[in-house]
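I opened this notebook to keep track of what I looked up, one place at a time. The entries follow the order in which I went through the structure.

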Amino acid sequence: MKEKFYITTPIYYPSNKMTLGNAYTTIVCDAIARFNRKQGKDVMYLTGTDEHGQKISMSAEKAGKSEKEYLDEMVEDTKSLWKLLDISYDKFIRTTDDYHEKAVQKIFTQLYQKGYIYKGSYKGWYCTPCESFWTESQLVDGKCPDCGREVKFQEEEAYFFKLSEFADKILKLYEEHPEFLQPKSRINEMVNNFIKPGLTDLCVSRTSVKWGVPVEFDPKHTIYVWIDALPNYITALGWGSDDESNFKKFWPADVHVIGKEIVRFHAIVWPAILMALGLELPKCVFGHGWLMFGGDKLSKSKKTDQKECIDPRILAPRYSSDAIRYFLYREIPFGYDGNYSTEAFLTRFNSDLSNNFGNLVSRTFSMVKKYFDSVIPESYELSDDDKALKEYVLNETKEVFKHMEKYDLTKATTSIFNIFTEANTYIQKAQPWAVAKTGDEKRLKTILRCLLETIRIGGELFEPFAPNSSRKVLDALGIEKGEFKNLDNFDGLESGRELRSLDILFPRLDVQAELETLSSLCE
């Protein structure tokens, strides 16, 4: 039986204005999901949209549409972006799906019957965009501490979840299972900023908001976002339905990947809800940092009107989704804040994708074509340099797997490019063009075979991160799509097979010209 792997993104408010920052979590999760699929695991990758609440109603009204009309259009826009970025999700949930709404009502009723939800009244400062209540002391300059927008004082009847009763249980969870919340710094944040000051009971219904799931036994109340949105991770698997086979198969989740701004909801509120329901907890909640914009050197020079291009709908068609994906994996230390600039993106495109990976493939394929009519040569006795390359490649391959066990995509892609860099260094030392002049065909075949094997292994490892360009290379080598194969074997290619021709994978860019073009496109 295959090993199961369940990974989720948070559900998003549907939008046609997503930036790289909005797409970051989904792009990251896609690489993790693809990597686990290539390991032969039965993967469930869940994403979706959060479609209830006052903000949605206001946006729909502003657009002159019903909530459903507005949402249907936005969801299609969101899905089109995921297609553009080659996101390979297995399930897309909408919180307006009938099965989800019914399960949410069931959850609310069960929590109420168990005594974890009670009726009261709420007074507080409310931020509509964040759909969050705040106390006076939590406000920053009288505004929402999360988004900085204006808040309004509201008072209404509401149901509350007894979050305060779970403080000790959450602390015990962190102590006994430190792997539950990653990176480890997030544990200190939760303990010091939220648990130690005292958890307060959580408002989980509204009477002033009508666009949402009604409380089954008290329909004037609408179930508030945390009981509505968070359970999508189990309702998407069929919890509470007539068919819970996927829930039994995939739950508990291996990892919820989220932005650090919503860690407290996933690392405090969600575990408390699951504990109250008597359900298993996810194995890991990974709260990554923010993608920061700015810092581009060009923006500080005389071209002060330079704008950062953060729109994936402009970047992906122009440079490929692989380029966007790779930059985010490699440049942003996963788990921490990282800076994006257009210049840094274009520079890494040239240095890594064009000069390193693309050039390695192009040079090697060209030499095989020139000297052996594009036929994959057999290998003969390995020299010390050949053995050193082999050992390096196999060691770095092991490092990739070690890094991915910790969801460290930055170190994993670094190790992959270490392989490509080593191969380029090997070319300069082996000098196959010089060997060709000596007429030593066996040595020439061995050199090129070593390079092709390195490209094969590196391409297999790189495929989850850059699925399109890597697949082109692997197809050209005759490697079928599927699970990792022969990664511990430096003789995995079929001798005598003809290489398919390849176009240039990543044409070198004129960075200055691209910056000027993007400045106008992204205004």
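**Entry 1: G48 and its surroundings.** I began with G48, which I found in strand β2, and I kept in mind from the outset that this is a predicted model. Is G48 buried or exposed? Its relative accessibility comes out at 0%, and because buried means under 20% relative accessible area, G48 counts as buried. I then listed what G48 touches, leaving out residues up to four places away in sequence, and noted I11, Y12, F92 and I93. I also looked up the pair G48 and Y89, which lie 41 residues apart along the chain and whose C-alpha atoms are separated by 9.4 Å.

**Entry 2: the strand that holds G48.** Next I widened the view to β2 itself, which spans residues 42-49 and is mostly covered, with seven of its eight residues buried. On one side I followed the pairing with strand β1 (residues 4-8), where five bridges join the two strands and the direction is parallel. The chain gets from β1 to β2 by way of helix α1 (residues 20-38), and I noted that this β-α-β crossover is right-handed. As a single example of the pairing, I recorded that T8 has L46 in β2 as its bridge partner. L46 also stands opposite K91 in β3, which led me to the pairing of β2 with strand β3 (residues 91-94), a parallel one made by four bridges.

**Entry 3: the sheet as a whole.** In what order do the strands of the six-stranded open sheet run? I read the order as β3-β2-β1-β12-β13-β7, with parallel pairing. The edge strands are β3 and β7 (181-182), each of which pairs on one side only. For β7 I looked up the neighbour, strand β13 (residues 285-288), and found that they pair in the parallel sense over two bridges. Within that pairing, L181 has V285 in β13 as its bridge partner.

**Entry 4: T26 in the crossover helix.** I went back to helix α1 and picked T26, which is found there. T26 has a relative accessible area of 0% and is therefore buried. Setting aside residues up to four places away in sequence, I listed its contacts as T9, Y12, Y45, W82 and I87. Y12 was already in my notes, as one of the residues that G48 touches.

**Entry 5: V75 and helix α3.** I then turned to V75, whose place is in helix α3. V75 is buried, with a relative accessible area of 1%. Which residues does V75 touch, not counting those up to four places away in sequence? I wrote down P14, T49, E51, F92 and R94, and I recalled F92 from the contacts of G48. V75 and S15 are 60 residues apart in sequence, yet I read a C-alpha to C-alpha separation of 7.1 Å in space.

**Entry 6: α3 beside α11.** Staying with α3 (residues 67-84), I looked up helix α11 (residues 312-319), and found that the two axes come within 10 Å and cross at roughly 30 degrees. Because angles under 35 degrees count as roughly parallel, α3 is roughly parallel to α11. The crossing of α3 past α11 is left-handed. On the α3 side the contact is made by D77, T78, S80, L81 and L84, and on the α11 side by P312, R313, A316 and P317.

**Entry 7: α5 against α10.** For another helix pair I chose helix α5 (residues 167-176) and helix α10 (residues 263-277), which pack with axes 10 Å apart at an angle of about 105 degrees. Since 65 to 115 degrees counts as roughly perpendicular, α5 and α10 are roughly perpendicular to each other. From α5 I listed K169, I170, L173 and Y174, which meet A267, I268, P271, A272 and M275 in α10.

**Entry 8: a four-stranded sheet.** I closed with an open sheet of four strands, in the order β5-β4-β6-β8 and with antiparallel pairing. Which strands form its edges? They are β5 (132-134) and β8 (202-203), each pairing on one side only. Strand β6 (residues 152-161) pairs with β8 in the antiparallel sense over two bridges, and F160 has C203 in β8 as its bridge partner.

Terms used. Residues are numbered from 1 along each chain as its sequence is written. This is a predicted model: local features need pLDDT of at least 70, side-chain atom pairs count only at pLDDT 80 or more; totals for chains, interfaces and linings use all residues. Side-chain values use heavy atoms; hydrogens and water are left out. Buried means under 20% relative accessible area, exposed over 50%, partly exposed in between (1.4 Å probe, protein chains only). Two strands pair if DSSP finds at least two bridges between them. A crossover is right-handed if, with the strands pointing away from the viewer, the path from the first strand over the helix to the second runs clockwise. Contact means heavy atoms within 4.5 Å. Axes are lines fitted to C-alpha atoms, for helices over the stretch in contact, and angles run from 0 to 180 degrees between N-to-C directions. Angles under 35 degrees count as roughly parallel, over 145 as roughly antiparallel, 65 to 115 as roughly perpendicular and the rest as oblique. A crossing is left-handed if the near helix is turned anticlockwise from the far one by less than a right angle, and right-handed if clockwise.
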